[in-house]
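These entries record what I looked up in the structure. I begin with the ligand and then turn to the chain.

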Amino acid sequence: MSNALERLQDLEPSTQEFRDAVLAGLGQRQRTLPCKFFYDAEGSRLFDQICELPEYYPTRTELALLADRAGEIADLIGPRARLVEFGSGAGIKIRLLLKALDRPAAYVPVDISREHLMMAAADLARDFPKLQIAPICADYTKPFALPASSGLQPQTTVGFFPGSTIGNFTAVEARAFLTRARRLLGPGSSMVVGVDLHKDEKILVPAYDDAAGVTAAFNLNLLVRINRELGADFALDQFAHEARWNDALGRIEMHLVSRSDQMVHIGASCFGFRAGETIHTENSHKYTLDQFRAMAVETGYTPRAAWTDAAGLFSVHMLDA
Ligand SMILES: C[S@@+](CC[C@H](N)C(=O)[O-])C[C@H]1O[C@@H](n2cnc3c(N)ncnc32)[C@H](O)[C@@H]1O
């Protein structure tokens, strides 16, 4: 392992937090489960497979956009930047920026999925041996601190939030996240955010309900995880994956639909499901360029630049704090 890879700062949510969130979500009238808990080791592996699917346009579109614009983004960022990536996953996209940047000072990947984060950080340390890498396993919706800078003294701090993961938040949650990120990164920092754009439902729905069934397996894996970690008895063949477009709220919703009237036990708690009743597991909000810019301004940023692909599928925004 490279010396430049620092020890993991481990703030992974506890099993008790997971249990509390699951019981609270399933106790609601419209049952919900927080999408952040999709990402155990298997969930992260399935997400990486989703990124390769023909229907899943966001990853390849954002990668191409970043590859095209990396030089321009690097010029705007300037030398010796410390990069903080929220929801860093497999750490593929950051490589494009790291290669284009002038002497990047440090990279702080933040992700809730601990094993996946450690593997991705080790891979990156092998490929960028001089880069200081300080991984943090944390829920970025909760407070955490950046490590005291070691290695090169950073000249600027830049947040990177690709993958349209911001779309998983409601507007209220997205504003809260952007505000918290601005405070965490500090004065003079900036944010580079990947944001998926509004488009035809015929493109959107298959992106979240692919023919090979990988997204279905990803959605159902949440029940597998609850069974394993919380001692529940969800019958996996009694729930079906569904992706639907909610036009009023401008978002794709993923649900798990109960195929029958059934009872599910989680420890001492018991939940009755009617056939057709759903558990709402994820939102993916879509934006226009102006909607996202307005949100950035409301949360204290100055939009600096925005790039889209030729087909107008996806956008990357640079915001100054
Ligand atoms: C949609 S994936 C995007 C992955 C990668 N950034 C990309 O663009 O392909 C979301 C990533 O954020 C992480 N994540 C989701 N919710 C999180 C949370 N509340 N706190 C920290 N990480 C989270 C997941 O583990 C996953 O790696």
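Which polar backbone atom lies 3.4 Å from a nitrogen atom of the ligand? I found that it belongs to Ala 138. I note at the outset that the model is a predicted one.

**Entry 1: polar contacts of the ligand.** I next looked up the oxygen atoms of the ligand. One oxygen atom lies 3.4 Å from a backbone N or O atom of Gly 163. For Gly 89, I read 3.5 Å between a backbone N or O atom and an oxygen atom of the ligand. I then checked how far the ligand is covered. On its own it has 590 Å² of accessible area, and the protein covers 93% of this.

**Entry 2: the shell.** I listed 16 residues around the ligand. Those that come nearest are Gly 87, Lys 93, Asp 111, Asp 139 and Tyr 140. By class, I recorded 6 nonpolar, 5 polar and 5 charged residues in the shell.

**Entry 3: place of the ligand among the domains.** Where does the ligand lie with respect to domain 1 and domain 2? I took domain 1 as 10-53 + 201-285 and domain 2 as 55-199 + 286-320. Both domains give residues to the shell, so I place the ligand between them.

**Entry 4: an open sheet.** I followed one open sheet of 4 strands, whose order is 2-13-10-9 and whose pairing is mixed. Strand 2 (31-32) and strand 9 (239-246) each have a single partner strand; they therefore stand at the edges, and one side of each has no neighbour in the sheet. I then examined the pair formed by strand 10 (residues 251-258) and strand 13 (residues 278-285). These two strands run antiparallel and are joined by 7 bridges. Within this pair, I found Met 254 opposite Glu 282 of strand 13.

**Entry 5: the whole chain.** I counted 9 helices and 15 strands in the protein chain. Along the principal axes, the C-alpha atoms fill a box of roughly 60 × 40 × 35 Å. I compared the radius of gyration with that of a compact globule: for 321 residues a value near 20 Å would apply, and the chain has 20 Å, so the two agree.

Key: Residues numbered from 1 in each chain as written. Predicted model: local features only at pLDDT ≥ 70, side-chain atom pairs only at ≥ 80, totals over all residues. Heavy atoms only, no water. Near = heavy atom within 4 Å. Polar contact = N/O pair within 3.5 Å; in protein donor to acceptor, adjacent residues only side chain to side chain. Areas by Shrake-Rupley, 256 points an atom, 1.4 Å probe, with all protein chains shown as cover. Nonpolar A, V, L, I, M, F, W, Y, C, P; charged D, E, K, R; others polar. Domains from an automatic or database assignment. Pairing = 2+ DSSP bridges. Rg over C-alpha atoms; globule rule 2.2 N^0.38 Å.
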